[in-house]
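Reader: I would like to learn how one reads a protein structure, feature by feature. Could you take me through an example slowly?

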Amino acid sequence: MSFSSRVKEELIPRPLDRRCCVLAETAALTQATGTLGFLGAGRLSVTWRMENAALARRVFRLLKEGIGLRPQLHFVEHARLGGRRTCVLTVDGEDAETLLVALRMAEREPDGQVRLKHTSPRPALNKDCCRRAYLRGAFLGCGSINEPEKSYRLECAATDAGLAQSVQRVLAHGGIEGKVFERRGHWVAYIHRAQDLADALAMMGASRAVMELENLRITKQMRGDANRASNCDEGNSEKQITSAHRQIDAIKLVSIHRGLFTLSPVLQETARLRLEHPEVTLEELGQLMEPPVGRSAVHHRLKRLEQIAGEIEASWEKENAPGSE
Ligand SMILES: [Zn+2]
């Protein structure tokens, strides 16, 4: 199951919130999956279509228990789409009027007539609880999240531009930077940073998903640190190999031109061990000596050998310099 599906599975069974939040969630779900129908003679209907049967049951509960309507639920089989089933919920007549007024799409006139003002819900999002519920409804209705192993991205895409704008506004209240763009007739609100994704999930109430995401981030971080550490090791060993090559060249130069026997016993031993063990670190080289010595002593001795090699080279230059004869 995808991360996106797991988040939905966590959110769908949540108990219904207070009535203000029920309306906010219903508004988002209506913007995401609903359509307004005109049945003639001024009669209206609202229809929601979705493939997720568990979500359809939640919408049913929101309408029935939350708002007190009598929604009808039926299923449409798509023989051509491999038997895929769409869940269809409908309210009409008085129930549709009650809902449209509750979602601030219509107003009830003093004579009792309901007058349609907007074709899309106008959710009241001035309370924190309602903003959370709205974001949850938007995500459940038309949202998706990438697999966090690959990237941190959540988006809500609906034909209703109002949904993307409201999602952006709701996110901004939580200090989350959401962006909006249009893609093939859909308005898309999205976030693309790990912290924003974690915050948005927390806002919706998906605490299990937040924990999963944080654990993944820690694992990724540790893996990143381990990679950096091993890159660092490689850097060191490359530097170490370069130094070893330079030391060996110096020792060979001394050996060829003066003979190692001309060196002090300590330098002779150091030179010999370095030639025999070109790949070991200075610490390891120190351990090979009799008696063992520390890294800095080895470093000092090898520097002395390079210095001697440098003196030999300098004397050649002097000898070979033009006009020195
Ligand atoms: Zn509320």
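Reader: To begin with one pair of strands, how many bridges join β9 to strand β10, and in which direction do the two run?

Author: Please keep in mind that this is a predicted model. When you look at two neighbouring strands, look for the bridges between them and for their directions. Here β9 and β10 (residues 186-191) run antiparallel and are joined by 5 bridges, and within this pairing Glu182 stands opposite Trp187 in β10.

Reader: What is the order of the strands in the open sheet that holds β7, β8, β9 and β10?

Author: The order of a sheet is read across it from one edge to the other, which need not follow the numbering. In this open sheet of 4 strands the order is β7-β8-β10-β9, with antiparallel pairing. The edge strands, β7 (143-145) and β9 (179-183), each pair on one side only, and neighbouring strands are turned against each other by 25° on average, direction ignored. Helix α6 (residues 161-173) packs on this sheet, where it touches β8 (154-158), β9 and β10, and its direction makes about 15° with that of β10.

Reader: Is Ala157, which has its place in strand β8, buried or exposed?

Author: For such a question we count neighbours, and 20 or more other C-beta atoms within 10 Å make a residue buried. Ala157 has 21 of them within 10 Å, so it is buried. Leaving aside residues up to four places away in sequence, Ala157 touches Cys142, Arg183, His186 and Val188. The case of Val188 shows how the fold joins separate parts of the chain, since the C-alpha atoms of Ala157 and Val188 are separated by 4.2 Å although the two are 31 residues apart along the chain.

Reader: Which strands make up the other open sheet with antiparallel pairing, and in what order do they come?

Author: We can read it in the way we read the previous one. This open sheet has 4 strands in the order β1-β2-β4-β3, with antiparallel pairing, and its edge strands are β1 (34-40) and β3 (72-78), each pairing on one side only. The twist from one strand to the next averages 30°. Between β1 and strand β2 (residues 43-50) there are 6 bridges, and the bridge partner of Gly34 in β2 is Trp48. Two helices can be placed against these strands: helix α2 (residues 19-33) lies across β1 and β2 at about 80° to β2, while helix α4 (residues 93-102) lies across β2 and β4 (84-92) at about 75° to β2.

Reader: Which residues have the most contacts inside the largest nonpolar core?

Author: A core is read as a connected group of buried nonpolar residues. The largest one here has 62 residues, and those with the most contacts inside it are Ala138, Cys156, Ala200 and Leu201. A second, separate core of 13 residues includes Val254, Leu263, Leu305 and Ile308.

Reader: Why is the protein chain described as more spread out than a compact globule?

Author: Here one compares the radius of gyration with a rule for globules. The protein chain, with its 11 helices and 10 strands, has a radius of gyration of 37 Å, well over the 20 Å that the rule gives for 325 residues, so it is more spread out than a compact globule. Its C-alpha atoms fill a box of roughly 120 × 45 × 45 Å along the principal axes. The domain assignment gives domain 1 (3-205) and domain 2 (237-317), and 75 Å separate their centres, taken over C-alpha atoms.

Definitions and conventions: Residues are numbered from 1 along each chain as its sequence is written. This is a predicted model: local features need pLDDT of at least 70, side-chain atom pairs count only at pLDDT 80 or more; totals for chains, interfaces and linings use all residues. The radius of gyration is taken over C-alpha atoms; the globule rule is 2.2 Å times the number of residues to the power 0.38. A nonpolar core is a set of buried Ala, Val, Leu, Ile, Met, Phe, Trp, Tyr and Cys residues joined through C-beta atoms within 7 Å. A residue is buried if 20 or more other C-beta atoms lie within 10 Å of its own, exposed if 12 or fewer, and partly exposed in between; C-beta atoms are placed from the backbone. Two strands pair if DSSP finds at least two bridges between them. Axes are lines fitted to C-alpha atoms, for helices over the stretch in contact, and angles run from 0 to 180 degrees between N-to-C directions. Two residues are in contact if their C-beta atoms, placed from the backbone, lie within 7 Å. Domain bounds come from an automatic or database domain assignment.
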